[in-house]
Amino acid sequence: MSGPGRKASLHQLVYLLGPALTIILLLFGGGLLLGLFQALDVSSATGMKSITFDHFRTVFTDPDFAGSIALTLYISLTSTLLAASISIVLALAIAHWAANNRIVNFILQIPLTVPHLVIAISFLLLLSPGGIFSRFFSFFGMIPSPSAFPLLVNDDYGVSILVVYVWKEIPFITFMLLSVLKNLGPELSEVGATLNGSRLQRFRYITLPIIGPSLGAACLIVFAFTFGAFEVPYLLGKTYPVSLPVWAYKNYSDIDLLARPEGIAIGLIIAATITVSITLSQVLIQFARKRGVII
Amino acid sequence: MRQLELRNLTIRYGETTIIRDLSLSIKNGEIVSLLGPSGAGKTTILKTIAGLLQPAGGQIFINSISVNHLPAEKRDAVLIFQKPLLFPFLNVAQNIGFGLKMQKMARREAERKIDRILEITELAGLNSRKIHQLSGGQQQRVALARGLVLEPAILLLDEPLSNLDAELRLQMRELIYTVQRQTETTMLFVTHDQSEALAISDRVCLLLDGGLRQTGSPEELFYSPADPEVARFFGCDNIFSSSDSFTQQAGNFHTDQKLFTIRPEDVEIFSDQKEPTSPRHAFEGTVTGMIFEGRLTRLTVSVTEKEHVTVLCRRPAFHIGQTVWLRMPKDRIHFFP
């Protein structure tokens with residue numbers, strides 16, 4: 001398409017996307033703005049006279065904050081790293097052996113279509129001490145009673161939360177990497193081989209730098225999602241400490257209305273973290289394009 | 001010393017045999033062209049020598065050592081691809097030094113080698129230039145430098161000029177030739193362009209129908225083709241039999257050898273029967289085709305209803321339908337063995 005054509009289509013895009021963007025900006029941006037006003041204690045009754053960071057201060061100085069953010073970071077970082085590691089291996093294997101295999105692509109798409117909530121409830125039904133697995137193993141005498149089944153739900157290490165996130169995020173990261181690897185083809189690796197690069201050296205000095213930006217961008221998106229996701233840790237996490245989104249929800253829905261601004265403040269901290277992650281992921285993608293890596 | 005030797009190399013893709021029983025040896029410091037039409041299997045041969053493909057049969061020797069069992073990174077052969085295939089995330093010097101880094105060469109020694117090769121390949125001053133800031137010709141020179149810097153036993157070049165425009169191709173061709181003479185690197189140069197092969201090589205190997213049809217000096221292949229197909233590959237359509245009626249008319253073909261050829265540019269053409277120095281051997285024809293090809297014009301002269309002679313001449317003063325006289329100098333005629 002020529003330059004003037006692009007300008008015209010950009011003009012059309014504004015008209016086409018305008019209504020949808022307006023709604024998103026109003027509902028999402030408006031919600032954030034209202035939340036910010038409440039967290040800062042700016043209300044219609046008090047006007048702009050009494051802006052305060054007290055609620056943020058309260059959150060940061062709360063003895064539960066450190067535990068909550070540590071748990072949230074543990075869940076999001078661990079699941080992201082695990083999903084990324086598995087995705088690298090999977091993407092390389094698929095690119096090498098099954099790049100155009102429809103069945104493999106179909107299987108990989110399944111986790112993308114299943115909502116987090118559904119898989120979290122499934123895990124609860126399957127893996128909880130009173131779940132199907134524990135009763136199955138008990139019935140066949142493999143464990144003395146259902147309560148002897150290892151604690152995989154509401155446990156200290158958030159095993160089930162991690163498994164749900166890893167299961168869900170692997171296809172997303174794998175597809176991001178596959179698009180780069182398919183564009184890349186085998187040639188650069190072949191060049192590396194004839195330039196005396198061993199298999200490991202080729203992975204380290206050719207493949208990783210090529211997929212690095214997309215991997216980083218995908219990881220940041222997954223991190224942002226898991227950092228702000230509520231339903232999985234709410235259903236599968238233990239009751240104390242709770243992750244930041246669960247803590248925000250509990251504060252917001254507390255019968256004590258005075259806890260609500262703190263809930264919103266936590267929500268805004270989460271939103272800020274997500275915004276930074278998404279921005280960084282876009283920076284990485286632009287960086288990759290500048291380097292000539294097609295994403 | 002033989003840097004590269006192929007013994008009865010056979011390459012298959014599934015059930016299809018691409019190359020059958022190919023044998024070839026290249027001496028130290030020699031530049032040999034592997035010439036053949038597109039799809040003849042030239043790239044496949046290079047990839048097999050480099051270790052990127054496994055042969056179905058035969059043996060490959062580099063530095064007199066059998067390398068069939070060695071992976072690509074352990075063979076002392078570097079392949080320069082048709083496309084430059086530079087690493088987009090590295091600058092010029094880093095690209096050139098990539099192989100040295102893989103060999104874990106000391107930084108100072110590597111820098112010295114990179115600087116030297118940058119000079120040789122006329123890339124000096126571009127060390128820290130990003131790849132996307134280079135022209136097509138510069139990118140191909142970086143790819144060449146990246147291979148040369150490793151000083152391999154054999155440098156395999158897979159049509160490295162095919163993506164360049166005519167002028168750049170000529171410059172790059174001269175550069176490869178100069179660099180080869182300077183560094184005495186043994187090179188196997190693959191191309192489908194006969195002029196490239198003839199200009200650059202010590203020897204040319206013509207690959208047709210999955211095998212080497214003829215190997216020899218550029219002059220041998222051009223002027224003394226082994227068979228009519230080789231002659232045709234080098235642009236010579238003048239394949240005649242000494243029993244053809246017009247050759248009888250021209251006389252002096254008293255030989256047992258039946259088939260012969262003469263290059264179109266060696267056929268003499270006259271508008272007057274008296275013009276030939278030896279009019280006894282001239283024969284008559286009619287100009288039936290004329291194609292202007294720039295430096296030369298290709299004329300088709302029909303000497304009988306079914307027999308045609310192709311003539312190449314500069315600025316011809318002939319026209320279609322004109323009666324002309326042709327002469328084939330005896331010393332320019334090549335009888336097929």
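## Helices α7 and α9 of chain A

In this report a helix axis is a line fitted to the C-alpha atoms over the stretch in contact, and angles between axes run from 0 to 180 degrees, taken between N-to-C directions. The structure described is a predicted model.

In chain A, helix α7 (residues 159-184) packs against α9(A) at an angle of about 155 degrees, and the two axes are 10 Å apart. Angles over 145 degrees count as roughly antiparallel, and α7(A) and α9(A) are therefore roughly antiparallel to each other. Their crossing is right-handed. On the α7(A) side, the contact is made by A:Tyr165, A:Glu169, A:Phe172, A:Ile173, A:Met176, A:Leu177, A:Val180, A:Leu181 and A:Leu184. On the α9(A) side, the contributing residues are A:Ile210, A:Ile211, A:Ser214, A:Leu215, A:Ala218, A:Cys219, A:Val222 and A:Thr226. By class, the residues of this contact comprise 14 nonpolar, two polar and one charged.

## Helices α11 and α12 of chain A

A second helix pair in chain A is formed by α11 (residues 244-252) and α12 (residues 260-290), whose axes come within 7 Å and cross at roughly 155 degrees. The angle makes α11(A) roughly antiparallel to α12(A). In this pair the crossing is left-handed.

From α11(A), the contact draws on A:Leu244, A:Pro245, A:Trp247, A:Ala248, A:Asn251 and A:Tyr252. From α12(A), it draws on A:Arg260, A:Glu262, A:Gly263, A:Ile264, A:Ile266, A:Gly267 and A:Ile270. Eight of the residues in the contact of α11(A) with α12(A) are nonpolar, three are polar and two are charged.

The loop between α10 (231-236) and α11 of chain A holds A:Pro241. The peptide bond joining A:Tyr240 and A:Pro241 is cis, with omega at about -10 degrees.

## Domains of chain A

The domain assignment divides chain A into domain 1 (1-52) and domain 2 (63-290). The C-alpha centres of domain 1 of chain A and domain 2 of chain A are separated by 29 Å. Six residues from domain 1 of chain A and six residues from domain 2 of chain A take part in the contact. The side of domain 1 of chain A that touches domain 2 of chain A consists, by class, of three nonpolar, two polar and one charged residues.

Within chain A, A:Gly31 is part of helix α1 (residues 3-39). A residue counts as exposed if 12 or fewer other C-beta atoms lie within 10 Å of its own. A:Gly31 has 12 C-beta neighbours inside 10 Å and therefore counts as exposed. A:Gly31 and A:Ala265 are 234 residues apart along the chain, and their C-alpha atoms are separated by 13 Å.

## Contact between chains A and B

Chain A contributes 16 residues to the contact with chain B, and chain B contributes 20 residues. On the side of chain A that touches chain B, α8 (187-194) and α9 (199-228) of chain A each supply at least two residues. The largest share of that side, six residues, comes from α8(A). The side of chain A that touches chain B has seven nonpolar, six polar and three charged residues. Helix α9(A) thus appears both on this side of chain A and in the packing with α7(A).

## Chain B

Ten helices and 18 strands make up the secondary structure of chain B. Along its principal axes, the C-alpha trace of chain B spans about 75 × 45 × 35 Å. Of the 337 residues in chain B, 38% are buried. When contacts in chain B between residues at least 6 apart in sequence are considered, 65% join residues at least 24 apart.

Two loop residues of chain B have a positive phi without being glycine. B:Lys104, in the loop between α3 (98-102) and α4 (107-120) of chain B, has a phi near 60 degrees. B:Lys104 is exposed because 9 other C-beta atoms lie within 10 Å. B:Glu151, in the loop between α5 (136-148) and β7 (154-158) of chain B, has a phi of about 45 degrees. With 15 other C-beta atoms within 10 Å, B:Glu151 is partly exposed.

How values were computed. Residues are numbered from 1 along each chain as its sequence is written. Chains are lettered from A and ligands numbered from 1 in the order in which they are written. This is a predicted model: local features need pLDDT of at least 70, side-chain atom pairs count only at pLDDT 80 or more; totals for chains, interfaces and linings use all residues. Domain bounds come from an automatic or database domain assignment. Two residues are in contact if their C-beta atoms, placed from the backbone, lie within 7 Å. Ala, Val, Leu, Ile, Met, Phe, Trp, Tyr, Cys and Pro count as nonpolar, Asp, Glu, Lys and Arg as charged, and the others, Gly among them, as polar. Helices (H or I, at least four residues) and strands (E, at least two) are DSSP runs, numbered from the N terminus. Angles under 35 degrees count as roughly parallel, over 145 as roughly antiparallel, 65 to 115 as roughly perpendicular and the rest as oblique. A crossing is left-handed if the near helix is turned anticlockwise from the far one by less than a right angle, and right-handed if clockwise. A residue is buried if 20 or more other C-beta atoms lie within 10 Å of its own, exposed if 12 or fewer, and partly exposed in between; C-beta atoms are placed from the backbone.
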